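Reader: Please show me the structure, and then explain the terms used for its ligand site.

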Amino acid sequence: MSPSRAKSNSAGKEFARTNAAAKYILARTKLRPRIGVVLGSGLGGFADELTSATRIPYARIPNFPRSTAVGHAGQLVVGKLRAKGGDIVVAAMQGRVHFYEGYPLSKVIFPMRVFSQMGIRAVILTNAAGGINRNYGQGALVVLSDHINLQGANPLIGANDERFGPRFPDMTQAYNRNFRKYALDEGGKLGMVIHEGVYAALAGPSYESPAEISYLATIGADLVGMSTVPEVIAARHMGLQVLGISCVTNMAAGILDQPLNHEEVLATGARVKDQFIALLRGVIPHIAAQTENAGKKR
Ligand code: HPA
């Protein structure tokens with residue numbers, strides 16, 4: 001078999017693999033989410049707010065990757081969020097897998113493809129990030145306006161399966177403008193200062209050097225982290241709408257005269273938990289309404 005033939009077969013298998021995972025999940029709940037949420041390091045508490053919830057450990061879902069990072073519970077929660085105007089069904093991932101864990105990017109984006117096959121049309125991707133922009137403080141919440149992919153790889157490399165999306169997907173509006181506005185408006189109503197910024201994704205797992213951070217500042221990054229961008233690329237490939245939210249768990253290397261550590265990342269996540277949940281609760285009804293309307297137009 002030629003290499004290109006072998007590749008297209010494996011791309012075809014990925015569709016079947018993600019479909020099997022989606023079917024497994026939908027067979028375990030009567031709920032039908034249209035919104036998916038990925039909860040980053042220390043931010044998993046949002047999923048505990050969901051009612052009538054079905055919790056499925058990643059390890060039970062066929063082909064699903066298992067998260068090894070501390071601060072990631074590793075389960076999918078499908079449940080209802082009590083919100084203004086009624087309950088909204090969401091699927092929330094308590095933790096994700098990262099490139100630095102040694103997974104190929106096809107596994108990192110696997111959950112996005114499962115979400116899509118479950119009928120999900122909008123995703124909220126959250127993460128813990130280092131703050132490069134000096135206007136941010138530790139604990140700040142930042143809505144992503146754009147990203148810079150510096151992971152040295154792209155999750156769509158390899159044969160393209162048109163059932164997921166086109167060969168060359170557009171990234172000019174990767175982060176839905178309306179979703180960004182909902183987040184800024186709702187944050188404002190809650191008396192919170194919500195920033196907007198550009199997120200640079202590096203592979204990790206080492207934190208950046210101060211010289212790397214000054215380079216990232218020069219090229220226009222406000223935030224740095226080790227996740228989210230592959231998922232955004234995969235989500236946009238499939239036409240899912242995206243909202244990205246970073247929690248600045250620490251100022252990036254060299255900005256303050258202190259070393260970085262993962263405990264601090266988790267502690268800041270815990271400190272902003274209530275604000276973060278309130279912001280998601282405020283923004284999700286808007287996203288649900290927009291997603292419903294888009295569905296009706298089709
Ligand atoms: N750098 C990269 N990833 C991160 C950071 C950081 O400073 N903080 C939380 N995730």
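Author: The ligand contacts come first, then the pocket.
This is a predicted model, in which local features need pLDDT of at least 70 and side-chain atom pairs count only at pLDDT 80 or more, while totals for chains, interfaces and linings use all residues. Residues are numbered from 1 along each chain as its sequence is written, and side-chain values use heavy atoms, without hydrogens and water.

Reader: Why is the pair between the ligand and the side chain of Asn250 called a polar contact?

Author: A polar contact is a pair of N or O atoms within 3.5 Å. A nitrogen atom of the ligand is 2.7 Å from an N or O atom in the Asn250 side chain, so the pair qualifies.

Reader: What makes the pair with the side chain of Glu208 a polar contact?

Author: A ligand nitrogen is 2.8 Å from a side-chain N or O atom of Glu208, so this pair also meets the definition. With Ala128, a polar backbone atom lies 3.3 Å from a nitrogen atom of the ligand.

Reader: Which elements give two or more residues to the shell around the ligand?

Author: They are strand 5 (122-131), strand 8 (223-225) and strand 9 (241-251). Strand 5 has the largest share, 3 residues. Strands are DSSP runs (E, at least two residues), numbered from the N terminus.

Reader: How do you know which residues count as charged in the shell around the ligand?

Author: Asp, Glu, Lys and Arg count as charged. The shell includes Glu208, and its classes are 7 nonpolar, 4 polar and 1 charged.

Key:
Near = heavy atom within 4 Å. Polar contact = N/O pair within 3.5 Å; in protein donor to acceptor, adjacent residues only side chain to side chain. Helix = DSSP H or I, 4+ residues; strand = E, 2+ residues; numbered from the N terminus.
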